[in-house]
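These are my notebook entries on one protein chain. I set down what I looked up, entry by entry.

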Amino acid sequence: MRSLEEILKDGIRDIPDYPQAGVVFKDITPLLADHEGFSQVVQALAASGRDADGNVVVDKVVGIEARGFILAAPVALALGAGFVPVRKKGKLPAATYEESYALEYGKATIEVHQDAFEPGDRVLVIDDVLATGGTVEACLRLVRRCGAEVVGTAVLLELSFLPGRERLAGEQLTAVVTV
């Protein structure tokens, strides 16, 4: 069996100048196509939803559109928790809360259904990449606005050359790999 480090090295590739010039996109599709690698990543992310004794400490797992969905749904299943999508503006059919934020290469707005959580639900937020932290920060505000408690945030990849971790100071944050 390959180590998680080997799996990540083989499964994440750089795509220069995507989605625009000057941005290096981290493509995780090779990782997702690798059953062993995908399984190990899901388990690594799910560890953030367990305490030191291995007990599940979350009721819901949030996935941030779009690649966060791919990671968060199997994490929710692994934890026996519900899955809640946080989507781009205009993609959810019922009443929503929204938050706007700056991306590393633009601006965006995300939404969550107003009834996505029960008061006091314990929530783990999952995303693929932590860059500037704007998306995760907006998502945390949405979860809290719904009356839920954020237990932590877990990301597959943290870009250490961008200020995401600093922006989320005081939050419980775990990255499977930091570059």
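**Entry 1: terms and overall form**

I began with a term needed for every loop below: helices (H or I, at least four residues) and strands (E, at least two) are DSSP runs, numbered from the N terminus. With that in hand, I could place A66 in the loop between β3 and α4. I note at the outset that this is a predicted model.

I then looked up the chain as a whole and found six helices and nine strands. The radius of gyration is 16 Å, close to the 16 Å that the globule rule gives for 179 residues, so the chain is as compact as a globular protein of that length. I recorded a box of roughly 40 × 40 × 30 Å for the C-alpha atoms, taken along the principal axes. The accessible surface comes to about 8700 Å², and carbon and sulfur atoms account for 52% of it. Of the 179 residues, 44% count as buried. I also looked at contacts between residues at least 6 apart in sequence: 58% of these join residues at least 24 apart.

**Entry 2: helix α3**

I turned to helix α3, which covers residues 35–46. Its 12 residues reach 16 Å from the first C-alpha to the last, close to the 16 Å expected at 1.5 Å a residue. Which residues of α3 are buried? I listed G37, Q40, V41, V42, L45 and A46. These buried residues pack against three helices, α1 (4–11), α2 (29–32) and α4 (67–79). They also pack against the strands β7 (122–130), β8 (149–158) and β9 (173–178).

**Entry 3: the nonpolar cores**

In soluble globular proteins, nonpolar side chains tend to be buried together. I therefore looked for cores of this kind, since that tendency is a general one. The largest nonpolar core has 25 residues, and V61, V75, L79, I126 and L156 touch the most other members. At least two residues of this core come from each of α1, α3, α4, β7 and β8. Which element gives the most to this core? I found that α4 does, with five residues.

I followed L156 further, leaving out residues up to four places away in sequence. Among the residues that L156 touches are L8, I12, V41, L45, L71 and V177. Two aspartates, D127 and D128, are also among its contacts. I then noted a second, separate core of 24 residues, which includes I110, L140, L142 and V155.

**Entry 4: helix α5**

L140 and L142 led me to helix α5, where both are buried. The other buried residues I listed there are G134, T135, V136, A138, C139 and V143. Helix α5 (residues 134–145) has 12 residues and reaches 17 Å, close to the 16 Å expected at 1.5 Å a residue. Just after α5, I found that G147 takes a positive phi of about 90°.

**Entry 5: S48**

I placed S48 in the loop between α3 and β3 (60–64). Is S48 buried or exposed? Its relative accessible area is 19%, so S48 counts as buried, the cut-off being under 20%. Apart from its neighbours within four places in sequence, S48 is in contact with L124, A154 and T174. I also looked up S48 and V155, which are 107 residues apart along the chain, and their C-alpha atoms are separated by 9.8 Å.

**Entry 6: aromatic pairs**

How many aromatic pairs are there? I counted two. Y18 and F25 form an edge-to-face pair, at 5.2 Å centre to centre and 85° between the planes. Y18 is partly exposed at 46% relative accessibility, and F25 is partly exposed at 22%.

The rings of F69 and F83 have their centres 6.1 Å apart and their planes at 90°, so this pair is edge-to-face. F69 lies in helix α4 and F83 in strand β4 (residues 82–88), so the pair ties together parts that are 14 residues apart in sequence. I recorded F69 as partly exposed at 21% and F83 as partly exposed at 33%.

**Entry 7: backbone details**

Y18 appeared again here: a cis peptide bond joins Y18 and P19, with omega about 10°. I placed P19 in the loop between β1 (13–16) and β2 (24–27). D17 lies in the loop between β1 and β2, and D17 has a positive phi of about 60° although it is not a glycine.

Finally, I returned to A66, which a cis peptide bond joins to E65, with omega about 0°.

Terms used. Residues are numbered from 1 along each chain as its sequence is written. This is a predicted model: local features need pLDDT of at least 70, side-chain atom pairs count only at pLDDT 80 or more; totals for chains, interfaces and linings use all residues. Side-chain values use heavy atoms; hydrogens and water are left out. The expected span of a helix is 1.5 Å times one less than its number of residues. Buried means under 20% relative accessible area, exposed over 50%, partly exposed in between (1.4 Å probe, protein chains only). Contact means heavy atoms within 4.5 Å. A nonpolar core is a set of buried Ala, Val, Leu, Ile, Met, Phe, Trp, Tyr and Cys residues joined through side-chain atoms within 4.5 Å. The radius of gyration is taken over C-alpha atoms; the globule rule is 2.2 Å times the number of residues to the power 0.38. Accessible areas come from the Shrake-Rupley method with a 1.4 Å probe; for residues, only the protein chains shown count as cover. Rings of Phe, Tyr and Trp (its six-membered ring) pair if their centres lie within 6.5 Å; planes under 30 degrees apart count as stacked, over 60 as edge-to-face and the rest as tilted.
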